There are 2 protein chains.
Amino acid sequence: MLTKKELKDYCDKARENFLPHISIDCVVFGFHEGLLKVLLLKVKNEGEWYLPGGFMLKAEPIEKAADRILKERTGLDKIFLQQFQVFGDPERSKEHFEMYKDMLPAKENWFTNRFLTIGYYALVDFCDVTPAPDQFSATCAWRDLNDLPELKLDHALILKTALDTLRLQLNYQPIGYNLMPKEFTMPELQKLYETILDKKLDRRNFQRRMLGFGILNRSEKPRKGGAHKAPYLYSFDLENYQAALTEGFKGGW
Amino acid sequence: MLTKKELKDYCDKARENFLPHISIDCVVFGFHEGLLKVLLLKVKNEGEWYLPGGFMLKAEPIEKAADRILKERTGLDKIFLQQFQVFGDPERSKEHFEMYKDMLPAKENWFTNRFLTIGYYALVDFCDVTPAPDQFSATCAWRDLNDLPELKLDHALILKTALDTLRLQLNYQPIGYNLMPKEFTMPELQKLYETILDKKLDRRNFQRRMLGFGILNRSEKPRKGGAHKAPYLYSFDLENYQAALTEGFKGGW
DNA sequence: ATTGATAGTGTATAATTGACACAAGAGTAA
DNA sequence: TTACTCTTGTGTCAATTATACACTATCAAT
């Protein structure tokens, strides 16, 4: 919770710099130890969490704003970002109204406005991220997708929609470049797919299909050190990967 | 072109009723005589056309706003609407700035603001639509997708994106219920698909696949009157159609 | 060397897709 | 009436793709 002065300062600056009524919320997916993770922020002195988000500068392209917001939370540049939906229920920010309504008259209070929020989802390499809390949060941390805390506002809906979209995308586009480290083994990649889809896949068929897409390069040397047979290392063929991203995998018609 | 007074009135009302900086633009697809059509408006005394669009009331859900806007242009209720992208380049409304900048000081002028526009596409039965121009247009009419006029602002981009999205959707969802009349023949439905995809399809394989989806009911009586073999009439099985819409056709994984 | 766990590869079968040909019905013109 | 033409309905074969499943190889620990 902010002090009254902090709130007023924030609101004054926001009104001056940001487009009113519009916000951006990002669902940042990461993958670690076989689990799909989401980057969340925890409200100061409260139990609830929320998605990293922010506002758009008055002359800033949407995509740039999303980049900027995520750079602040993750330290990362050039994140894979996908706009997936605008959430605009007039009631969606009611909680904000309640929260701050006594501290500042509605006219001056940035948060009593209605906000449409543009939903982005991001895929990032878990290990590259340095989570950083924002002004309203005590914590910024990865949370397990299977063990989510209570989320503020409509952020649970936004998260679910992002996940649905990601799963759909899996059917006609490659995924993984942004979620895996540079080099990885086929079983590791399979685990990613299984985690996203929440479903077991056949090892052999997965490999055949994946290789069939022609977006993987196999490195000469297998990974050593494990207690078992050394798996081959793969990396994505960026050129083909990019092409598959824009053209999609299977025509359908 | 509006008179100065008309413009001022419009702007005053807009500021009072609408959310600033946000607009909605709709790409309305129709199908007629084997051609895919788009509903467009023509600016008064000018050659350029633009997409039906409008603004959002301060307490109105986005979807409702899109419905309202389309109701005004087409006379139709309960249109199939799909939000597909927000267009928010800061430069995208430059034309507006130019157009009205001399008529009204920027502070009072609704149109000199930056607008993010939420893109919707709609699929409608061509025959049901009664095109009605808006305040800024002389004409509202169906235009052939293969013979598009110059479009204002970034509306050409919006239209293209809508079409790409529609084509993609064709691969994992049923389409047609909103574009075809109640009853139709298989060749007619095929023509719709061919038109959207801009590609010839095999008659027999199309039929097999289409029937395989299980979303069609075949009527007892074939259509009479043609100079050739009477084709069967089909209609959509609404229940299965709806299910296919939400679940999609093919899993992929 | 033996064992246990994991990785790599192959193959038989079923299902789906794609290409194609023929039969049937409805009007038309001799 | 009959032959003709155009369009629609349906079947079938081959090729491709998906699915299920089993065996072999390799590394580390004992």
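This is a short conversation about a pocket and a DNA contact surface in a predicted model.

Visitor: What makes Lys229(A) a polar contact of DNA strand C?
Guide: A polar side-chain atom of Lys229(A) lies 3.4 Å from a sugar or linking oxygen of the strand. The cut-off is 3.5 Å, so the pair counts.

Visitor: What makes Tyr232(A) a polar contact too?
Guide: A polar backbone atom of Tyr232(A) is 2.9 Å from a phosphate oxygen of DNA strand C. That is within 3.5 Å, so this pair also counts.

Visitor: Which part of Lys229(B) approaches a base nitrogen of DNA strand C?
Guide: A backbone N or O atom, at 3.0 Å. Two elements give two or more residues to the surface near the strand: α6 (203-212) of chain A and α6 (203-212) of chain B.

Visitor: Why is Arg203(A) said to be near DNA strand C?
Guide: Near means a heavy atom within 4 Å. Arg203(A) is among the closest of the 23 residues that surround the strand, so the term applies. Sugar and phosphate make up 48% of the strand atoms that come within 4 Å of the protein.

Visitor: Why does Gly53(A) count as lining the second largest pocket?
Guide: A lining residue has an atom within 4 Å of a pocket point. Gly53(A) is one of the 34 lining residues, and among those nearest the centre. The pocket volume is about 730 Å³.

Visitor: How is Gly53(A) classed, polar or nonpolar?
Guide: Gly counts as polar, so Gly53(A) belongs with the eight polar residues of the lining. The lining also has 16 nonpolar and 10 charged residues. Its largest share, six residues, comes from α1(A).

Terms used:
Residues numbered from 1 in each chain as written. Chains lettered and ligands numbered in written order. Predicted model: local features only at pLDDT ≥ 70, side-chain atom pairs only at ≥ 80, totals over all residues. Heavy atoms only, no water. 1 Å grid on protein atoms, 1.4 Å probe; cavity = no way out; pocket = protein on both sides within 12 Å on 5 of 7 lines; lining within 4 Å. Points joined across faces, edges and corners; volume = space filled by probe spheres on them. Helix = DSSP H or I, 4+ residues; strand = E, 2+ residues; numbered from the N terminus. Polar contact = N/O pair within 3.5 Å; in protein donor to acceptor, adjacent residues only side chain to side chain.
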